[in-house]
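Here are a few exercises to work through with the model open in your viewer. Try each one before reading on.

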Amino acid sequence: MNISKITEGVYYVGVNDRTTDRFEGLWSLPNGVSYNSYIVRGNTKTALIDTVEVGAVHNYFRAIFAEIGESEIDYLVVNHMEPDHSGGIPMILSHFPNLKIVGNKHTIAMIKGFYHINDDSRFMEVKDGDVLDLGGKSLKVVLTPMVHWPETMMTYLEESGVIFSGDAFGCFGALNGGVVDTEMNTDWYWDEMYRYYSNIVGKYGRFVQKALEKTSGLTLKYICPTHGPIWHENIAKVVDIYDRLSKYESEPGVTIIFGSMYGNTGEIAESIARQLAARGVKNIKIHNAAKADLSYMISDAFRYEGLIVGGPTYSMHLFPPVENFMIAMETREIKNKVFATFGSFTWASAAAKTLGEYLNKMKMEPVATLEMKHSASESTYTAVEQLAESVVNALKLK
Ligand code: FEO
């Protein structure tokens, strides 16, 4: 029984990483991550699709040789050059001296830059729509720049309806035995998909939309991403999640992000949440920016329709952990939110102004703002009620 077989001629040779704490040095991995790689066997040629992170190469080679034995690999198709997928390239090249790397012009430039592989005879440059003939299996190149880097492309195995999609449709979370979604309970991967999309791909929504347009005419039987499960019976759901997220569409609910040094600004966050709940908002997520994981804050900010951010003035700036969150929002060009802000100060105001400046840069208009001096008074609680009312009314119009 070949347990790595996905469908006729397509085999899984990826590996799990349950050791790395932070993906890209930033995003927490409590459930690990998989680096997916695939072998496609035609009648005459064999292709490897992407490699894995350099630290995982030992197990990667074990998986490859378990699959191919003594036979050769003719092509390495590089759909994406981020080092979590390209780290194995130098070792694959040395092991298979006749293998050619298949990539577009940006891919090849990056391989030369990252890995100092300058022998042009090792490269086969491809363009959008080119087809790699493996003998009864045809891999068609679909360029999808900026999902997630400029060189990103997908490859479509025409005879089998399999798309090797790179980061698109991927998610955090190692594979726990099952590889294809039909072999597992997928429930816990959906939250990891939101987190992966918002953390990694979130800035590139319009490019994801272009890629979805480009792939919409293809018959998809299997989506083989570079991270997470291979999608077979959940294809419609996965495409829908990526479609909605890349259009910045979200679900009913409100995320509240706050910072607080001594609890006074935190009290405003709690009061806003209470007032929202009293007005019927059921999904409310509150994160203390000084303590919460940025990865999860971004994920909830993408997920829910409402976003309320507040913090104190700190040395004439916005409290740094809250500012860090706002930088993440600006970087991801977040849109289509019901936004409100609250700020506080003791002797000179800066937090509210800085929050307003971020919203200006993001071309977003808050539906309500609130500013407090020292600690909450009766007038503050009245302003909290008004803020909650404005947010709920705006949510009803969405
Ligand atoms: Fe999984 Fe953009 O790399």
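**Exercise 1.** Work out how β8 is connected to β7 and what lies on its other edge.

Start with the connection: a hairpin of four residues links β7 to β8. In this predicted model, the two strands run antiparallel and share four bridges, with Val40 sitting opposite Ala47. Now go to β9 (residues 75–77), which pairs with β8 in the parallel sense over three bridges. Here Ala47 has Tyr75 as its bridge partner. Finally, add helix α1 (residues 57–68): β8, α1 and β9 form a right-handed β-α-β unit.

**Exercise 2.** Are the two faces of β8 buried or exposed?

Recall that side chains in a regular strand alternate between the two faces of the sheet. Take one side, and you find Thr46 and Leu48; take the other, and you find Ala47 and Ile49. All four are buried, so both faces are covered.

**Exercise 3.** Decide whether Ile108 is buried or exposed, and find its contacts.

Ile108 belongs to helix α4 (residues 105–115). Its relative accessible area is 9%, which is under the 20% cut-off, so Ile108 counts as buried. Leaving out residues up to four places away in sequence, Ile108 touches Gly103, Phe123, Met124 and Glu125.

**Exercise 4.** Which residues have the most contacts inside the largest nonpolar core, and where does the core draw from?

The core holds 112 residues, and Phe164 and Met326 top the contact list within it. Helix α5 (residues 189–201) supplies the largest share, eight residues. Domain 1 (4–246) and domain 2 (251–394) each give at least three.

Conventions. Residues numbered from 1 in each chain as written. Predicted model: local features only at pLDDT ≥ 70, side-chain atom pairs only at ≥ 80, totals over all residues. Heavy atoms only, no water. Buried < 20%, exposed > 50% of the residue type's maximum accessible area, 1.4 Å probe, protein only. Contact = heavy atoms within 4.5 Å. Core = buried A, V, L, I, M, F, W, Y, C linked by side-chain atoms within 4.5 Å. Domains from an automatic or database assignment. Pairing = 2+ DSSP bridges. Right-handed = clockwise from strand over helix to strand, strands pointing away.
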